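Hi everyone, thanks for coming. Could you bring the sequence and the 3D view up on your screens? Then we can walk through them together.

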Amino acid sequence: MNMTKGSIYGINGPVIEVIGSDAFQMLEMVRIGNIGMIGEVIGIHEDKTIVQAYESTTSIQPGEPVNGMGRPMYATLGPGIIGNIFDGIQRPLKDIARHTGAFIDRGVDVSALDLEKKWNVTMCKKEGDTVSGGDIVATLPETDLITHRVMIAPGLEGRIVFMARDGAYAVGDVIARVEDARGGIHEVTLTQTWPIRTPRSYRERKALSVPLITGQRIIDSILPIAKGGAAAVPGGFGTGKTMTQHQLARWADADIIVYIGCGERGNEMTQVLDDFSKLIDPKSHRPLMERTVLIANTSNMPVAAREASIYTGITLAEYYRDMGYHVAIMADSTSRWAEALREISGRLEEMPAEEGFPAYLSSRLSEFYERAGLCVNLNGSEGSVTIIGAVSPQGGDFSEPVTQNTKRFVRSFWALDRSLAYSRHYPAINWINSYSEYIVDLSDWYDKNIGPDFLNCRSGIMGILQEESGLMEIVKLIGPDVLPDGQKLILETARAVRLGFLQQNAYNATDTYVPLEKQFRMMMTILHLYNKAEEVIAKSIPLSQVKDTGIFEDVVKIKYTISNEDMAAFDALNERITATCKQILTQNGFN
């Protein structure tokens, strides 16, 4: 590899001016200073090159060398990614700890993957086979949950002239050689590299038509997200962004989870790493880390690495998507990433836009969220990348630029509410301020797999909640006692929806995850109670007679009292609701 060499002229935090060479390329990876810190070219002028450093520039001096690596910032892709914990530029933290101890030294050069570990590889091709980019040539058990599929790198096409036998191989061992149309020989190992800022290739992008089932009622039934979609979770401090993402990471029906801790507090990130290492995957009863990748980049780490961490995470996700897996990314939080952009932009003396953020904030956000999608891969398999990005607006102000620009590129918006969080309503997603644009796309799936009345029930529940929102303005002024019974019924049913359906207990074995069928039956039962109570008050019978039977409280408790498998119990409850209301009518002289 030909290396371009310059020298440091000026240093401004993570931004470094380099002189002495005009051969650097835009976005080229570089090694900075005598200690060899990692950096990236972000600007080229006639007389100088601008480099951003991904490590602290403390003690670096003018005159020290800057060596270009001849290639852009890249991710190393291969077995050993799953279950690992990386920093923002894909250096495994456990390996760094073995080299440097508790603190990360600058310029540490460790391999992203274990070069010595042997993997039990089973070959899928033979000599003479014609292959092209994306074709699977071998498989190996990366974990007990994930089978790693070794693929031909995109862009390579030819005939296999050598194929190794089944056996144990390290990531750098050659398992095949491919001869291209020009006679060139290309070696295939268990790994490949890919520029992190370049989306990986695919054959076709498909329309989104299948929901990502999370087991969280307010998401699955009210504000769904499609597999391959994008969602934002904005909320102020303490509203539960991280905990919501933890719950989604544990229960969402994705094959692989990529969790990116981007600029979060160090103690919070430590808790994440500790919690994930102890969690058990509820579906396989194996450790959750066997299908999880963690990228840790805390707020006290260099700001430039925050940006890299986002792109590193999405590249790893796309790699497993190409194998045919459905991957979910939890990015926590994109606001810290945007703040890193703002700091670097300020040091570059660029013209600031709203609130000091760079003018290209929206384009950078779009580059990230647009890499979500449901794709037909080059090998014909189908995979997806779903992005769920947390947003941390200062003071909980959703009108700030990061939140507003994010709304342009996501179709599910789960706005967290401080008042709900402080009243211990989990998840603290405000059903009035939130929305999902995937409802129409997913309607056929709901009709076919859950029932034709599912979306009608959802509309009925949302109608009750919206009516309650309007009535609460009146209640605040004059109190609930003066309302007619029809409006009191709206308030009482909305209470049952809020407490019995939208509020969920992550510490209760029955309520932490709820299948979609039970969610449907819960909505049907609440609406059935509303309709039967409406029949009662239509006869001028006070609503209090229905409330006094305790039937509303029984409906609130069904999330605990009816198991996730006992659907017949809903039929019995609906019959009791009907009988209770009929008895009230009879007692008041109506047949």
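I'll begin with the whole chain and then visit a few places inside it.

First, some ground rules. This is a predicted model, so to speak of local features we need a pLDDT of at least 70, and side-chain atom pairs count only at pLDDT 80 or more, while totals for chains, interfaces and linings use all residues. Residues are numbered from 1 along each chain as its sequence is written, and side-chain values use heavy atoms, with hydrogens and water left out.

Now the overview. The protein chain has 17 helices and 26 strands. Those are DSSP runs, numbered from the N terminus: helices are H or I with at least four residues, and strands are E with at least two. Along its principal axes, the C-alpha trace spans about 95 × 55 × 40 Å. Of the 591 residues in the chain, 55% are buried. Buried here means under 20% relative accessible area, exposed means over 50%, and partly exposed is in between, using a 1.4 Å probe and protein chains only. Among contacts with a separation of 6 or more, 71% are between residues 24 or more positions apart; a contact means heavy atoms within 4.5 Å.

Let's go to strand β20, residues 256-264. How many of its nine residues are buried? Nine of the nine, so to speak a strand that is mostly covered. Which strands does β20 pair with? One is β22, residues 326-332, in the parallel sense over six bridges, and another is β21, residues 292-298, also parallel, over seven bridges. Two strands count as paired if DSSP finds at least two bridges between them. If you want landmarks, Tyr259 stands opposite Met330 in β22, and Ile260 stands opposite Ile295 in β21. To get from β20 to β21, the chain passes through helix α4, residues 266-278, and this β-α-β crossover is right-handed. In other words, with the strands pointing away from you, the path from the first strand over the helix to the second runs clockwise.

Helix α3, residues 241-251, comes next. Nine of its 11 residues are buried, so it is largely enclosed by the rest of the structure. The buried residues include Leu248 and Trp251. What do the buried residues of α3 pack against? They pack against α2 (217-222), β19 (230-234), β20, α4, β22 and β24.

Strand β24, residues 382-391, is where we find Thr386. Thr386 is buried, with a relative accessible area of 1%. A polar atom of its side chain lies 2.8 Å from the backbone nitrogen of Gly228. Leaving aside neighbours within four places in sequence, Thr386 is in contact with several residues, among them Leu212, Gly228 and Ile329.

Another spot to click on is Ser335, in helix α6, residues 334-347. Is Ser335 buried or exposed? At 3% relative accessibility, Ser335 counts as buried. Its C-alpha atom is 8.6 Å from that of Gly263, although the two are 72 residues apart along the chain. With neighbours within four places in sequence left aside, Ser335 is in contact with Ala390, Val391, Ser392, Pro393 and Val402.

Now for two open sheets. One has four strands in the order β10-β13-β15-β16, with antiparallel pairing. Its edges are β10 (130-132) and β16 (185-188), each with a single partner strand, so one side of each is left without a neighbour in the sheet. β10 pairs with β13, residues 157-163, over three bridges, and Ser132 stands opposite Glu157 there.

The other sheet has four strands in the order β12-β11-β9-β14, and its pairing is antiparallel too. The edge strands are β12 (147-151) and β14 (167-169), each pairing on one side only. Strand β9, residues 119-123, pairs with β14 over three bridges, with Val121 opposite Gly167.

Last, the cysteines. A disulfide is a covalent bond between the sulfur atoms of two cysteines. How many disulfides does a search of the whole structure find? Zero, where the test is a pair of cysteine sulfur atoms within 2.5 Å. Two cysteines to look up are Cys262, buried at a relative accessible area of 0%, and Cys375, buried at 1%.

That's my tour, thanks for listening!

Conventions
A polar contact is a pair of N or O atoms within 3.5 Å; within protein, one must be able to donate a hydrogen and the other to accept it, and residues adjacent in sequence count only if both atoms are side-chain atoms.
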